[in-house]
Amino acid sequence: MKVIGVAQQKGGVGKSSITINLAACLARTHRVIVIDVDPQETSTQWAENATDELPFEVFTDLDPANLVRIRNLANEYDYVLIDTPGSLADTAVLGAVLDVSDFCILPIIPEGPVVGPLRRTIRELVEPRNVPYRVLLNRIDRRIYGQLEDWENLLDDGLKLPRFVGHIRTSKSVADAFLDGSVVTQFSDTRGTRNAISDFTTVAQELREALDAVPAHDLKGTN
Ligand SMILES: Nc1ncnc2c1ncn2[C@@H]1O[C@H](COP(=O)(O)OP(=O)(O)OP(=O)(O)O)[C@@H](O)[C@H]1O
Ligand SMILES: [Mg+2]
């Protein structure tokens, strides 16, 4: 079992959307559960809105102290994704999530104000725990000339932070999916959904490979 924390102290960067849709892609091949520790309960509401049952479990637990028991799930699930609150005030919750995480995904959107909270999250919460991590670019608009390239260069050469090679484009289908509780793996393949299906599928495959390379944590479990 591998535990993946989706974290960023900047709000609204796509943590919940990414957690839910990557969980759906991983559920094509593995047993997956999403744990929602965010008092906003976006992931939980996503599941409640679902007309078609989601291909993974969603469990709400707003008491981070319970996360120490997460390894009890090892026989039931291959991947646990944790959706976290996004604010500088939630340091204790994020710390508790990262204490039990084997890997951390840090979503960002291509807007200047995300850089400070991103660096702070990594420096103060992720690196001290030696949790392997990658930044994931979300809400990319390929019609904006140079946007993707500039942000990839900033991460690679300026900030020198590991990132996913793939990225997630802005798409109406991702933004709307919360309303009917749907996920990319349930989208029918149309011009409007194609980018989202392709982007999440690509990033999920990269995530599977990254997780395979992460050694099982001695103290945290055996699988
Ligand atoms: N790739 C995308 N394309 C279009 N809209 C997106 C995309 N990713 C996220 N959004 C939209 O951006 C908003 C914020 O996304 P989301 O709720 O997933 O972020 P979050 O980081 O979980 O926010 P919070 O910090 O409040 O928990 C939502 O309205 C969501 O629909
Ligand atoms: Mg959220």
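Colleague: Which elements each supply at least two residues of the lining of the largest pocket?

Modeller: In this predicted model, they are α1, α2 (42–49) and α6. The elements are DSSP runs numbered from the N terminus, with helices being H or I of at least four residues and strands E of at least two. Local features need pLDDT of at least 70 and side-chain atom pairs 80 or more, while totals for chains, interfaces and linings use all residues, and side-chain values use heavy atoms, without hydrogens or water. Residues count from 1 along each chain as its sequence is written, with chains lettered from A and ligands numbered from 1 in written order.

Colleague: What makes a space a pocket here, and what volume has the largest pocket?

Modeller: On a 1 Å grid over the protein atoms alone, a pocket is an open set of points with protein on both sides within 12 Å along at least five of seven lines, and lining residues have an atom within 4 Å of a point. The volume of the largest pocket, the space filled by probe spheres set on the points, is about 410 Å³. Its lining has 22 residues, with Gly12, Val13, Gly14, Ser17 and Arg139 closest to the centre.

Colleague: Where does ligand 1 sit, and how do you know?

Modeller: Sitting in a pocket requires more than half of a molecule's atoms to lie within 2 Å of its grid points. Ligand 1 sits in the largest pocket, so it passes that test. The elements giving two or more residues to its shell are α1 (15–26) and α6 (172–180), and α1 gives the most, with 3 residues.

Colleague: Which residues come nearest to ligand 1?

Modeller: A residue is near if one of its heavy atoms lies within 4 Å. Of the 18 residues around ligand 1, Gly14, Lys15, Ser16, Ser17 and Ser171 come nearest.

Colleague: Why is the pair between Ser17 and ligand 1 called a polar contact?

Modeller: An oxygen atom of ligand 1 is 2.6 Å from an N or O atom in the Ser17 side chain. A polar contact is a pair of N or O atoms within 3.5 Å, so this pair qualifies. For the Lys15 side chain, the corresponding distance to a ligand oxygen is 2.8 Å. At Arg169, a backbone N or O atom lies 3.1 Å from a nitrogen of ligand 1.

Notes: Polar contact = N/O pair within 3.5 Å; in protein donor to acceptor, adjacent residues only side chain to side chain. 1 Å grid on protein atoms, 1.4 Å probe; cavity = no way out; pocket = protein on both sides within 12 Å on 5 of 7 lines; lining within 4 Å.
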